[in-house]
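User: Please take a close look at the sheet in this model. How are its strands arranged, and what lies against it?

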Amino acid sequence: MRNETFLPSSYKEWEAKAEESLKGKKLESLFHHTYENIILKPLYLKEDCDIKTSFPGGANYRRGLQALGNHSNPWKISQTITYQNVEELEEKFTEVLEKGQTALSFEVNQSLLEDTNKLQGLLNRYMDGVPLAIDTKGFHEAFASILSTVAIDKDVSGYVAEDPMSYLVTNGSLPISLNNYFDTWTETIQSTAEVLPNIKTILIDTTPYHNGGANAVQELAVALATGVFYLEELSARGLSPEKLFEKMIFKFQIGSNFFLELAKLRAARVLWDKMGEAYNISPEKRGMEIIAETSSFNKTLYDPHVNILRAGNEAFAAVLGGVQFLQVGAFNELEGITSLSERLARNTQLILMEESNLKHIVDPAGGSWYIESLTNELAEKAWEYFLSIDEKGGIMEVLSTNWIQNEVSQVLHKRLLDVSIRKQSIIGTNAYANLDEGVKHSKTKEINTFSFASGEYHTIQSIFPTRLSESFENLRYRANQLENKTPIGLLCFGELKQYKTRADFISGFLSAGGLENSRSHSLFELDDVQAYINETSLKHYVFCSSNEKYIELGPESIQKLKLANPEVSFYLAGLPEKETQTDWLKAGIQQFIHVKTNCYEFLTSIMTKLEEVSPNEK
């Protein structure tokens, strides 16, 4: 066996073998189209890459910033610390550092800054040798000033930065003119660099676009365009592009498409290296440092423990993508974070680092024909998209004209449609919903406001943050308000084996909207059906059986039932032959329910009917 060899196989041979196992279907039937207009194939060859892969830390930083990757400098576990006051913040500093966190991350607010002496004491005790990971969100000048007073002779690293464009896109306005903001920001960047040379102060955060539904190409292009905008504005005020490159750090949300998100991070470094080349930045300073955060866009209010799996998958992709800072969201952050959920989120990273040994592996994705090809396609498409933004006048212009907002909205519409028709499954929400959970309410997250005095405002149309599961969660809430908790009956016609598959499908279909059903026993005659209708006295019934049994039942039976029960709506599980569909509809079937039915539209329609109160019931 040791000397056994195999003849090389061509793509055509692989294709023929695959189509043989597909029993006549073409290989193209396995192709998948992404929201980035990238076609994912089931088989990749070396020719698909068309690159000369370098070593990690080299060339365009595709394979990471350092030759030894996480082995020499592991990513920073930078879970956001929640607190009510300075005293609690200090307690949590001690706790999280003892339990494995490797960077300090917390939100800065006005009340924290007002307690200056306590804050200075806290920072003085903890920041020496422990990296900071802080998005100051409008409090940059004030917090950097306090930090600078206690930074003498201390090893302070990480980032204390903010992104005014991110705030503008989220909120729709800035309480200060952009010119005045950049004047102030330039002074803060310069003064902070003098005292804290290892702190990054310029953040480019694509979170608002991601949470608005943007695809990976749009996120990458917007990151480039925002970075260029800051380079131009700040260099015009005297800061050199080379110094600005050293002070920049980028933040990306990591979604559930594992390989695409991994490739997105690799493509981001390739693109930023190319941008550095355009600005004549020395190669060793072109490396993009990245903060990654598990996405909230795909997290759910119901069945929240599934969020642990989602976040674990996303964190894994981020680490393999080569990030410097990682934040894993708590599984119940929509309801309210608890000490348990904080611990699980932090331990997710520790498991990846210590038990999965990812801190000892250097770019395991490197050389994968699939991932390298995906990285190339994302980089190429994102560069073209960036050029489109640039041709239209840059990031501020496309935001002011609503061009980018409309582009993101189009992608969001496609995503929501896929969720509505259940092409995109959300476990626990539009698929396999657990109706034993009580009604839940999402906790509204407060957004920090900029600390500048009110003045000249710059206003744009904001990109509203959303979640894929919200529409179905709203249906669940409405269903919980219904007086009748089982408002729909399933008419199971024939033997168990003839109706069970479709009855189970309808049960799952209805449960996505929080609707329970009353399932009949086996019904064999039309009189049995009428007896069950009389017994349950519902307004909506779904026939469930096999196609053969439907032929036996016939549209004429539905017509008789409709005449006897004019106020009842009848539906049919499955999709009859095209030539018979009109007959069924004329007989009284209101709609066919099948795998291609728009689940959200159907449930919304029937929910509205269920919420109506007839005059006799008032």
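Analyst: Two strands are said to pair if DSSP finds at least two bridges between them. With that in hand, the sheet of this predicted model can be described. The sheet is open and has seven strands, in the order 3-12-11-10-9-7-6, and the pairing is parallel. Its edge strands are strand 3 (76-77) and strand 6 (132-135), since each of these pairs on one side only.

One pair shows the pattern in detail. Strand 10, residues 248-254, is joined to strand 11, residues 290-294, by five bridges in the parallel sense. Within this pair, K251 has I291 of strand 11 as its bridge partner.

Helices lie against the sheet. Helix 7 (residues 178-195) packs on the sheet and touches strand 7 and strand 9, its direction making about 145° with that of strand 9. Helix 5 (residues 140-149) lies across strand 6, strand 7 (158-162) and strand 9 (199-205), and runs at about 150° to strand 7.

Back at the edge formed by strand 3, the loop between strand 3 and strand 4 (80-81) holds Q79. Is Q79 buried or exposed? Q79 has a relative accessible area of 8%, and buried means under 20%, so Q79 counts as buried. Leaving aside neighbours within four places in sequence, the residues in contact with Q79 are Q101, S105, L326, Q327, V328, A345, R346 and Q349. With V328 there is also a polar contact: the side chain of Q79 reaches the backbone oxygen of V328 at 2.6 Å.

Technical notes:
Residues numbered from 1 in each chain as written. Predicted model: local features only at pLDDT ≥ 70, side-chain atom pairs only at ≥ 80, totals over all residues. Heavy atoms only, no water. Helix = DSSP H or I, 4+ residues; strand = E, 2+ residues; numbered from the N terminus. Contact = heavy atoms within 4.5 Å. Axes fitted to C-alpha atoms, helices over the stretch in contact; angles between N-to-C directions. Buried < 20%, exposed > 50% of the residue type's maximum accessible area, 1.4 Å probe, protein only. Polar contact = N/O pair within 3.5 Å; in protein donor to acceptor, adjacent residues only side chain to side chain.
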